[in-house]
Amino acid sequence: YIGRHNEKVSNTAIRGKIVNDLGTVFGWEAEGSFYFLGYKAGNMLLNGKLYKNFKTRKGTSTLTLLGKFRNERPVYWLNQYSSNNFHWENDLKFENETRIQAFYKDHERNFLVSAHFSILGNYVFFDTLALPSQESDPFTVVSLDIHKDFSLWKFKFRNRLNIQQSGNKQVLPLPTVSFSNSTFFEHLFHFAWTNGFLLTQLGLDFYYHTPFYAYAYMPSSGRFYLQNEKEVGNYPFIDVFLNLKVKRTRIFLKYEHVTSGLLGHNYFTILHYPMNQRVFLFGFSWTFYD
């Protein structure tokens, strides 16, 4: 089947932005765009930001509030598409999203927590046949992110925890919990006879998420789509690494996915596409002066 469209597409929009910083303590900004001619006629995008800095005993912290509203026509190829393997002609409705986000960052304590709440309407997705589809009923998505870095003597710990919930797992599946950690020993060696320094980091990376129906992949269209065949997740990925730095020269050695085969073989991130098995990697970087 050969489909051909001879069509010119153009868009005309008006955009604006206003920013007001009241010193270094408080500020806000707002921006928006509206399309009034062309394929995107009727599209609207509004963004707002409000931030406040606070002094703490160890430094400063920042509270940021973000708001977003968008009402957009799906991109052209979701309505009109033809290839060797797929053909569709749709008339999808405008997608809309209302999002509220809050961030709190303590700069000195290397701590960041953020909360997100979104309402999605006319959400466009690729169904189990790898074809574009649309959910007419609105649903919510909520999430909580926590980042915390801390040190204990020469040991460094970098942690991120994400908790999220989709109000419609049939069209937007998400893992409930995901966690990543990087733990390493860091030391700066000093060679007195050459007055040289060697920065060394030896540690491991860890990543895990709870099981969910992750997407499948369609090579012919290059899109990820829904599947209800098998859940993926509930598997820990662990990498061991060694980083070295001398002046402007950096070297890394990495043993990736050391748990391969030791904790089963369910190391998939999307359906039927496993992660790499255990592999040794190395790299070298030498930065020249500009």
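At 55% relative accessibility, K17 counts as exposed, and this residue makes a good way into the predicted model. K17 pairs with E29 in a salt bridge, one of eight that a search of the whole structure finds. From there, the briefing moves to paired strands, two residues with their contacts, and the largest pocket.

**Salt bridges**

- Here is the general idea to keep in mind: side chains of opposite charge can pair when their charged atoms come close.
- In the bridge between K17 and E29, the closest N and O atoms are 3.9 Å apart. K17 belongs to strand β1 (residues 11-22) and E29 to strand β2 (residues 26-38), so this pair ties together parts that are 12 residues apart in sequence.
- E29 has a relative accessibility of 25% and counts as partly exposed, whereas its partner K17 is exposed.
- A salt bridge also links D145 with R160, and the closest N and O atoms there are 3.2 Å apart. Because D145 sits in strand β11 (residues 139-152) and R160 in strand β12 (residues 155-166), the pair ties together parts that are 15 residues apart in sequence.
- D145 is buried, with a relative accessible area of 8%, while R160, at 39% relative accessibility, is partly exposed.
- R70, E72, E97 and R99 are joined into one network by salt bridges that share partners.
- Within that network, E97 and R99 form a salt bridge whose closest N and O atoms are 2.9 Å apart. E97 is buried at a relative accessible area of 5%, and R99 is partly exposed at 25% relative accessibility.

**Strands β4, β7 and β8**

- Strand β7 (residues 95-106) pairs with strand β4 (residues 59-72) in the antiparallel sense, over 12 bridges. In β7, E97 is the residue that stands opposite R70, and both residues also belong to the salt-bridge network.
- β7 also runs antiparallel to strand β8 (residues 111-121), and 11 bridges join the two. Here K105 stands opposite L112 in β8.
- The hairpin of β7 and β8 has four residues between the strands, and N110 takes a positive phi near 50° there.

**V232 and F224**

- You will find V232 in the loop between β16 (223-225) and β17 (237-246). V232 has a relative accessible area of 3%, under the 20% cut-off, so it counts as buried.
- Beyond its neighbours within four places in sequence, V232 is in contact with H209, T210, P211, F212, A214, F268 and T269. The C-alpha atoms of V232 and T210 are separated by 8.2 Å, and the two residues are 22 apart along the chain.
- F224 lies in strand β16 and is partly exposed, with a relative accessible area of 41%.
- Setting aside neighbours within four places in sequence, the contacts of F224 are F126, Y215, A216, Y217 and I270. N79 is 145 residues from F224 along the chain, and their C-alpha atoms are separated by 17 Å.

**The largest pocket**

- The largest pocket holds about 220 Å³ of space.
- Its lining is made up of 14 residues, and K169, Q170, P173, F212 and Y213 lie nearest the centre. One of these, F212, is also a contact of V232.
- Sorted by class, the lining of the largest pocket has seven nonpolar, five polar and two charged residues.

Definitions and conventions:
Residues are numbered from 1 along each chain as its sequence is written. This is a predicted model: local features need pLDDT of at least 70, side-chain atom pairs count only at pLDDT 80 or more; totals for chains, interfaces and linings use all residues. Side-chain values use heavy atoms; hydrogens and water are left out. On a 1 Å grid over the protein atoms alone, a cavity is a set of points where a 1.4 Å probe fits but cannot get out, and a pocket is an open set with protein on both sides within 12 Å along at least five of seven lines; lining residues have an atom within 4 Å of a point. Grid points are joined across faces, edges and corners, and a volume is the space filled by probe spheres set on the points. Ala, Val, Leu, Ile, Met, Phe, Trp, Tyr, Cys and Pro count as nonpolar, Asp, Glu, Lys and Arg as charged, and the others, Gly among them, as polar. Buried means under 20% relative accessible area, exposed over 50%, partly exposed in between (1.4 Å probe, protein chains only). Contact means heavy atoms within 4.5 Å. Two strands pair if DSSP finds at least two bridges between them. A salt bridge is a side-chain nitrogen of Lys or Arg within 4 Å of a carboxyl oxygen of Asp or Glu.
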